[in-house]
Amino acid sequence: MHPTAPDPGSVDPAGAEVAGGAAHPTASRVGRLAATVERLRREVRAAQAEADGRALIELAKGILVERLRCGPAQAARQLAELTEQAGATPLEFAVEVINQASRDRLSEVTTAFLNLAVAPDEKEDSPSPAGPPDRHSCAVRLRAAESGALAADDTQAVADSLLEHALTPLGAVAVAIWAAGSDGSLTLAGSAGFSSAEAGRWRYVPPGVATVARRGLAERAGQWIGSLSETGLPTIGQHHHPDGGRVALPAGTGGRIHGVLEIAWPTPLDPQPPQIVRQVEALAELCAHTLETDALLRPDGDHRPRVLPDVAELMDLADGLHDPALVLVPHLDGNGDLVDFRIHHVNSRFLDPAGRPRGVVNGSLLLEAYPMAAAESELFDRIERVYATGEPFRAHRMRLTALVDDVPLAAVADINVSRHANSLLLIWRIEDETARLASLLQHAQRLGRIGGFEENLLTGEITWNGQLFSLYGKPPSSTPVPLEELPAHAHPDDAVAIGRFLRTLLHHRRPASTAFRLQRPDGVTRHIRVAAEPVLDAGGRLFVVRGAYQDISAQHWTEVALAATRDQLAHTEQQATERNRLTLQLQHAIMPPAQAPLEAPGLQVAVRYRPAETEQLVGGDWYDAVVLPSRLVLLCVGDVAGHGIEAATSMVVLRNALRGLAVTGAGPGQLLSWLNMVAHHLTGSVTATAVCGLYDPRHHTLRWARAGHLPPVLVRGDEAAPLPLAKGMLLGAVPEATYEEHELQLAVDDTLLMYTDGLIERRDRSLEESLAHLLTTARTVPPTLDQQLDRLLTYSRSDTDDDTCIVGIRVA
C-alpha cells in the first residue's frame, strides 16, 4: 500500500500540526509530551501487572516448598519444569498451583466458570461465536483481581482492580463499592468507570432512600436487573446507560454485611448462568474483606485500630441494665457461614418465658433454647439482620415462644436488639400477665368512674380504692364513709331509696343497689349508683360488705337531654308534616297532575306531571303550554335544583316569570337569557335547567333553546332521536348568559317530547343508557298523544323517586 499524503490541518501521531509540510514548533513539543506521558502510563500498568504476576509466582513457589519439603531454589526449578510440561506460562501455571492448594471459593468459582467453555452436550465442531474462554487466562484474571484487592491500600484501588482484571472481560463498564452504615445509609467507598462528578453526586445516600444498591442490600440474593428502565430506581450513572443492566450484591463475610458491590453494563443484561453468578458473588466477598478492614480504621485516616468493645465490656453493660438482657455471639459452621447465635451471657434480671433457671439458658444456642422463635415471631431473622447490617431493631409486644417438654409456652415482650463490634445485645421486657390485668382493671375503673370498697362490720375497718376517694371529692388521706352514714352525704329527697338499699343489704343480707345524688364537700352534686353484696361467715353471720360506686352523672344528663330531644323531635316532625302539606298544596295549585288538553290550531298538546312518591321529596319540576297573543304556542319544561318548599316557590317564580316574558314576543334564546337574570337575582340565587320552545302553527316550525337541560326527542314514523344539542348553561349560575337557538321544521304526524330527568334517571346506569331506553320506548306510537305520554310514564325505569314532567306535541 502506498502512504497517503496528510491533509492540510491534520495532526500527525506525535501531535504536530501539519500544514503545507511544516509543523508548528509548540504543537510538536506538546505532541511529544503527550506521547511520553502515554508511554509512561503503559509502562506503569505493565509494571503493576508484572508485580501482580511475580506475587502469584512467589506464592506458588511457597506452596511447593511446603508440599515438597524442599528449598526455594529447588521449588523454583520444579515450577519451571512443571510449567514447561504443561505448556503454559509461569504465571498461568502458578495460578493453577494456587487454586489446587487453596481450595477456596475463588478457585471453586474459577473451575465452575471454566466449565462453561464446552458444555457436555455441545458439539466440538460448533463452537460459540466468541470461542470458549481460555482456562489459564481466566484463572489468571481472577487471581490477579484477588491479588490487587488484597494488596490495595483503600477501597478505591479495589474498585480499579476489580474492573480491570475481572469485570471488563464480562462486558461491564463500571463498578461501585458501597459501605453500609449502621443507620441504613450508604457511602460510596470506591468506584471505577464513573466520572468524578457522578461519583461526587452519589458520595452519600441517606437512610430510607430506595436505590439499586439499597435493594441489593435488603435482599440476600442481591439484585440482577436486566435494564434500569424497567425498575425506575435511581442509582449512580443511570443517565449514561439508562437501558443498561445492573447487578447489586451484598458484600458480607461470616454473616455480616459490610456493604454492596454494584456493577454496570452498557446494554441490557440477559439472565446469567450459575457460574457467572458465583464468580460475581466471589468478587463481592473480596469487597467485604476490604470494607471490613476500612471499618476498623479511624475516620481521620491515621490507620490506628479503632477501640471496639469486647464481649466482657458488653457483659458489664448488660449487668448494669434494669431490663432483662442477653449477650449473643455468632456461631459459624466449618465454612464460616452464620448458622446460629450462642447465648454468651444473661444478666441477673433475665426471665425465661418457660421459667427455666438462667444457668440452663446461658451458654446454649439461641435456636436450641427457643426453637419456635424463628417460625412464629421471626425473631431470629431480625437478630440475624441486625448482625448483618448493624441497623438496630425494636419491637413492641412481640410474641416469644419457648418449647419445654414438647409443650410451647408463649409470652409477649418488648424487644431491642443492637450490634456492638462482633456481638449482639438483646434486651427484652416480658409482660407480667398479673400486673397487666391489674393495670387493665385500674384503667377500666378510671374510664368507667367506678370506685370499689370493702367494709368489715365486726372490726369497723373500711377499705376504699383511689377512684372512690375521687368520686367523693375527698383526699386519699381522709377517713372513708361507712355505709350507715350514707344518708348524711346524699340529697334529702333520696333518703327513702337509700334506707331501702341499706335494709335489703344489712338486715335481709341480700345484694342490693340504688341510685342517689351525692353531695360532695366541694358543693358539687353527682349522680351515683351503688351496688353491694353481703359476705357471710361459716355460721351464716354477716361480717363483710363488698361493693362499688359508679358515677352515672353523664348517663343521667344524657337521659335528660334525650328526653328533651324527643320532645323537640316530635315538634319538628309536626312542623315538617305541615310544611310538606303546604308545599304539596302550592305545587298542585300551580301544576295539577291532570290538565285539560290545550286547544291550538293544527296542533295536539298534552302534558303529564308525576310527583315524587315520598312527600318529603317535593321537587321543583315544572311545565307550561300556552297560546300567546301572537298565536304562537309557548312550550317549556324545567327543573329547579333541590326539594322542599324552597324549590316549589322558586319553580312558581320561574314559571310565572317566563309566561310574562313570553308576551313580549322575544325568541326562546332571549327568554332564557332574561329568565337567567330572574333566577340569579330575584330567587335567592337558585339554579335550574329548562327547555323553552315557540311553535308557529302557520309554518309548522319550532324555535327552541335549552339551559343545561336534556334536549327534546323527535318521533317521526318509527324512528326517535334527540334534537341536536344547543349551547346554553343552566339558569342562575352567572348573572348574564346567552343561549343558542335552533329551528326545527315539523311535518304532519311528527311528535315532539319535552321532559325532565325524573323520567329516565337511574342510580346504576349512565344517562346515555337511560336515554337509549327512552328512545326505544318512544318508537312505538299509540293512536293518541295522551296514550303515548301515559306509555312513557308506565315503562319508565327511573329509580330516583324524583318529580317528572312531560310535554308532548303532535302536528295534526
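This short talk describes a pair of packed helices, a helix with a buried face, and three single residues in a predicted model.

Good morning. Let me begin with the helix pair. In general, two packed helices are described by the angle between their axes and the distance between the axes. Here the pair is helix α20, residues 645-662, and helix α21, residues 668-681; their axes come within 10 Å and cross at roughly 140°. Because of that angle, α20 is oblique to α21. The crossing of the two helices is right-handed.

Which residues of α20 and α21 make the contact? From α20 they are V653, L654, A657, L658, L661 and A662, and from α21 they are L671, W674, L675, V678 and A679. Sorted by class, the contact of α20 with α21 has 11 nonpolar residues, with no polar and no charged ones.

I turn next to helix α23, which spans residues 785-794. Its buried residues are L785, Q788, L789, L792 and L793. Viewed down the axis of α23, these buried residues fall within an arc of 140°, so they line one face of the helix. A general point is useful here: an α-helix has 3.6 residues a turn, so residues three or four places apart point the same way. What do the buried residues of α23 pack against? Their partners are the strands β21 (603-610), β26 (713-716), β29 (751-755) and β30 (804-811), together with helix α22 (767-778).

Helix α22 also holds a residue that I would like to mention, S770. Is S770 buried or exposed? Its relative accessibility is 7%, and because buried means under 20%, S770 counts as buried. Leaving aside residues up to four places away in sequence, S770 touches I760, R762 and R765.

Finally, I come to two loop residues and their backbone angles. Most residues other than glycine have a negative phi. R509, although not a glycine, has a positive phi of about 55°. R509 is found in the loop that runs between α18 (495-507) and β17 (512-519). With a relative accessibility of 39%, R509 counts as partly exposed.

The second of these residues is R631, which is not a glycine either and has a positive phi of about 70°. Where does R631 lie? The loop between β22 (619-627) and β23 (633-643) contains R631. At 53% relative accessibility, R631 counts as exposed, since exposed means over 50%.

Thank you for your attention.

Methods. Residues numbered from 1 in each chain as written. Predicted model: local features only at pLDDT ≥ 70, side-chain atom pairs only at ≥ 80, totals over all residues. Heavy atoms only, no water. Axes fitted to C-alpha atoms, helices over the stretch in contact; angles between N-to-C directions. Helix = DSSP H or I, 4+ residues; strand = E, 2+ residues; numbered from the N terminus. Parallel < 35°, antiparallel > 145°, perpendicular 65-115°, else oblique. Left-handed = near helix turned anticlockwise from the far one by under 90°. Contact = heavy atoms within 4.5 Å. Nonpolar A, V, L, I, M, F, W, Y, C, P; charged D, E, K, R; others polar. Buried < 20%, exposed > 50% of the residue type's maximum accessible area, 1.4 Å probe, protein only. Arc of directions from axis to C-beta.
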